[in-house]
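Colleague: Can you take me through the metal site, the cysteines and the cavities of this one?

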Amino acid sequence: MTSRVLLDHGSGGKASQRLIADLFLKYFGNPVLDQLDDAACISMPGEVAVSTDTFTVDPLFFPGGDIGSLAIHGTVNDVAMLGAKPRYLTVACILEEGLSLECLEQIVLSMSRSAEKAGVKIVTGDTKVVPKGAVDKIFINTTGLGIIGKRPFPQGHRAKEGDAVLINGPVGDHGLTVLTCREGLSFETPVKSDSAPLNGLLFQLIEDIPDIHVLRDPTRGGLATTLNEIADQSQKSCLINEDALAISPEVREGCSLLGLDPLYLANEGKFVSILPEEWAHKALEIMRNHEFGRQAKLIGRIGVDNPGRVTLKTAIGGYRILNMLEGEQLPRIC
Ligand code: MG
């Protein structure tokens, strides 16, 4: 058998069937997927949260993850931000002719492990192969379905005056890791992506905190962009304390060398939660007891003075407005 992806693998004929059986079913197989009909049959109670995302990260493998784990975590996390329990995923891969099958197998294995850890099943999928140069190695789309629990569920417009703004750990790790890896840079202390499935921790929070107003993952555009989106949707203001923000020494060092702002760098294992002040302490306790929230912090407050504005109170006591960026600081980060 050839060790590379051929156009035949996307033909729908025997070569496609072999690829599906020997690779995708081997790692993703479950009673729903194994039916191999044109569509999967699933049943879900009540209201359903749906999210879709396409992953084009370059390079495919980086410290802390790869395009496969990212494609699972990214979509699982987006579904969970509505306070939903992610259950099912669809996976569509666009492969470049010539991609090594060994590389593809590593990615599929990583997706299978990540899906298992996140407690989601892959129920349907698709594979296409395009001629060399039409895509860069592999692009992956995942769509996630989750069951919404409580109502009202967290949404950007629900931030209220006096609410506490929390985050489950330091920012900037994923963005800086992918960039340094792509450019072949290395620092004294290596950086590592924070990519992680957040649904387990979020489920505990949703269970124990009566009304979380907003949950959102600061992915592309980083924490500053996410807070701007929330300030805009809710027409409230947001004041963040630089002193309270956790940024790892290696991210700080890398950012100062490269002239990047960690507040605008992508994260893949972080979430912002905005909730009534009186529940902040309990929420921090839940987060700090979980592997993905050890360094959780209260970083700011929601106000009403300047609707739509996000301000950073700097460590030396000044104030800086955190605007939304015009474009992407770094392309192909997820
Ligand atoms: Mg998101």
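Modeller: We can go through the metal site, then the cysteines, then the cavities. This is a predicted model, so local features need pLDDT of at least 70 and side-chain atom pairs count only at pLDDT 80 or more, while totals for chains, interfaces and linings use all residues. Residues are numbered from 1 along each chain as its sequence is written, and side-chain values use heavy atoms, with hydrogens and water left out.

Colleague: Which residues coordinate the magnesium ion?

Modeller: D78 (OD) and D217 (OD) coordinate the magnesium ion, at 2.1 Å. D78 is in helix α2 (residues 67–80) and D217 in the loop between β8 (214–216) and α6 (222–234), so the pair links distant parts of the chain, 139 residues apart. Donors are N, O and S atoms within 2.8 Å of the metal (3.2 Å for Na, K and Ca); water is not among the atoms, so sites may look incomplete. Helices (H or I, at least four residues) and strands (E, at least two) are DSSP runs, numbered from the N terminus.

Colleague: Are D78 and D217 buried or exposed?

Modeller: D78 is partly exposed, at 26% relative accessible area, whereas D217 is buried at 10%. Buried means under 20%, exposed over 50%, and partly exposed in between (1.4 Å probe, protein chains only).

Colleague: Switching to cysteines, how many disulfides are there?

Modeller: The search of the whole structure finds 0 disulfides, a disulfide being a pair of cysteine sulfur atoms within 2.5 Å.

Colleague: Why is C255 not in a bond?

Modeller: Its closest cysteine sulfur is in C181, 15 Å away, which is too far for a bond. C255 is buried, with a relative accessible area of 2%, while C41 counts as exposed at 70%.

Colleague: And how many cavities of 30 Å³ or more?

Modeller: There are 2. A cavity is a set of points on a 1 Å grid over the protein atoms alone where a 1.4 Å probe fits but cannot get out, and lining residues have an atom within 4 Å of a point. Points are joined across faces, edges and corners, and the volume is the space filled by probe spheres set on them.

Colleague: What is the volume of the largest cavity?

Modeller: About 80 Å³. Its lining includes K150, F153 and D211.

Colleague: What about the second largest cavity, and which element gives the most to its lining?

Modeller: The second largest cavity has a volume of about 40 Å³. α6 gives the most to its lining, with 4 residues. C238 and I302 are among the lining residues.

Key
On a 1 Å grid over the protein atoms alone, a cavity is a set of points where a 1.4 Å probe fits but cannot get out, and a pocket is an open set with protein on both sides within 12 Å along at least five of seven lines; lining residues have an atom within 4 Å of a point.
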